[in-house]
Amino acid sequence: QVQLVESGGGLVQAGGSLRLSCAASGRTFSNYYMGWFRQAPGKEREFVAAMRWSGRTTYYTDSVKGRFTISTDNAKNTVYLQMNSLKPEDTAVYYCAAKTPDYSGSYYYTDRSQYDYWGQGTQVTVSS
């Protein structure tokens with residue numbers, strides 16, 4: 001059974017940094033697609049970043065390009081989201097998600113409905 005467990009959230013001042021971790025277990029994830037999403041109070045869950053576990057191509061929503069970096073660590077079976085130059089509008093619960101392999105040749109997926117597994121989320125609060 002796939003399990004995703006996020007950690008690393010917290011309270012940080014604007015301009016600061018956080019690194020979120022998503023520990024994945026229950027499968028061999030080398031061909032899985034991984035994504036980070038976030039949900040602010042009163043808003044829908046939105047895409048943040050994505051990549052194929054073993055790939056090099058990454059994709060980001062415009063508002064985080066140049067500030068956030070998604071990466072994977074095979075040895076630790078962990079997906080990371082490095083967040084720099086944080087802004088108050090980045091405040092949200094951040095979720096890690098995994099999509100089963102489909103061998104379509106796609107490098108990433110951005111639609112939350114395409115993901116099969118989700119973590120419980122970790123709160124990120126950025127103060128001004």
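**Aromatic pairs, nonpolar cores and salt bridges**

The structure holds 9 aromatic pairs, and the description that follows refers to a predicted model. One of these pairs is formed by Tyr-33 and Tyr-109, whose rings meet edge-to-face with a centre-to-centre distance of 4.8 Å and an angle of 90° between the planes. The two residues come from distant parts of the chain, Tyr-33 lying in strand β4 and Tyr-109 in the loop between β9 and β10, 76 residues apart. Tyr-33 is buried, with a relative accessible area of 1%, and Tyr-109 also counts as buried, at 11% relative accessibility. Another edge-to-face pair is made by Phe-37 and Tyr-115, with 5.3 Å between the ring centres and 80° between the planes; here, too, distant parts of the chain are linked, since Phe-37 belongs to strand β4 and Tyr-115 to the loop between β9 and β10, with a separation of 78 residues. Both Phe-37 and Tyr-115 are buried, and ring pairs join them with Phe-47, Tyr-59, Tyr-108 and Trp-118 into a cluster.

Two basic side chains are placed over aromatic faces. Arg-45 lies over the face of Trp-118, at 4.9 Å from the ring centre, and Lys-99 lies over the face of Tyr-109, at 4.8 Å from the ring centre. Lys-99 also meets Asp-102 in a salt bridge, with an N to O distance of 3.2 Å; within this pair Lys-99 is buried, with a relative accessible area of 9%, whereas Asp-102 counts as partly exposed at 30%.

The largest nonpolar core contains 29 residues, among which Trp-36, Leu-81, Met-83 and Tyr-94 touch the most other members. Two or more residues are contributed to this core by each of the strands β3 (18–25), β4 (33–39), β5 (46–52), β7 (68–73), β8 (78–83), β9 (92–99) and β11 (122–127). A second, separate core of 7 residues includes Tyr-33, Ala-50, Tyr-109 and Tyr-115. In the largest core, the surroundings of Leu-81 may serve as an example: when its neighbours within four places in sequence are set aside, Leu-81 is in contact with residues including Leu-18, Leu-20, Trp-36, Val-48, Phe-68, Ile-70 and Tyr-94.

Thr-122, placed in strand β11, is buried, with a relative accessible area of 10%. Its side chain reaches the backbone nitrogen of Gly-9 at 3.2 Å, and, with residues up to four places away in sequence not counted, Thr-122 touches Glu-6, Ser-7, Gly-8, Gly-9, Leu-20, Ala-92, Val-93 and Tyr-94.

The count of salt bridges comes to 6. Arg-112 and Glu-44 form one of them, their closest N and O atoms being 3.9 Å apart, and this pair again links distant parts of the chain, with Arg-112 in the loop between β9 and β10 (117–118) and Glu-44 in the loop between β4 and β5, 68 residues apart. Arg-112 counts as partly exposed at 36% relative accessibility, while Glu-44 is exposed, with a relative accessible area of 61%. The side chains of Asp-62 and Lys-65 likewise meet in a salt bridge, at 3.0 Å from N to O; Asp-62 is exposed, with a relative accessible area of 63%, and Lys-65 is partly exposed at 43%. In addition, Arg-38, Glu-46, Arg-67 and Asp-90 are linked in a network of salt bridges.

Notes. Residues numbered from 1 in each chain as written. Predicted model: local features only at pLDDT ≥ 70, side-chain atom pairs only at ≥ 80, totals over all residues. Heavy atoms only, no water. Core = buried A, V, L, I, M, F, W, Y, C linked by side-chain atoms within 4.5 Å. Buried < 20%, exposed > 50% of the residue type's maximum accessible area, 1.4 Å probe, protein only. Helix = DSSP H or I, 4+ residues; strand = E, 2+ residues; numbered from the N terminus. Contact = heavy atoms within 4.5 Å. Salt bridge = Lys/Arg side-chain N within 4 Å of Asp/Glu carboxyl O. Polar contact = N/O pair within 3.5 Å; in protein donor to acceptor, adjacent residues only side chain to side chain. Phe/Tyr/Trp six-rings, centres within 6.5 Å; stacked < 30°, edge-to-face > 60°. Lys NZ or Arg CZ within 6 Å of the ring centre and 35° of its normal.
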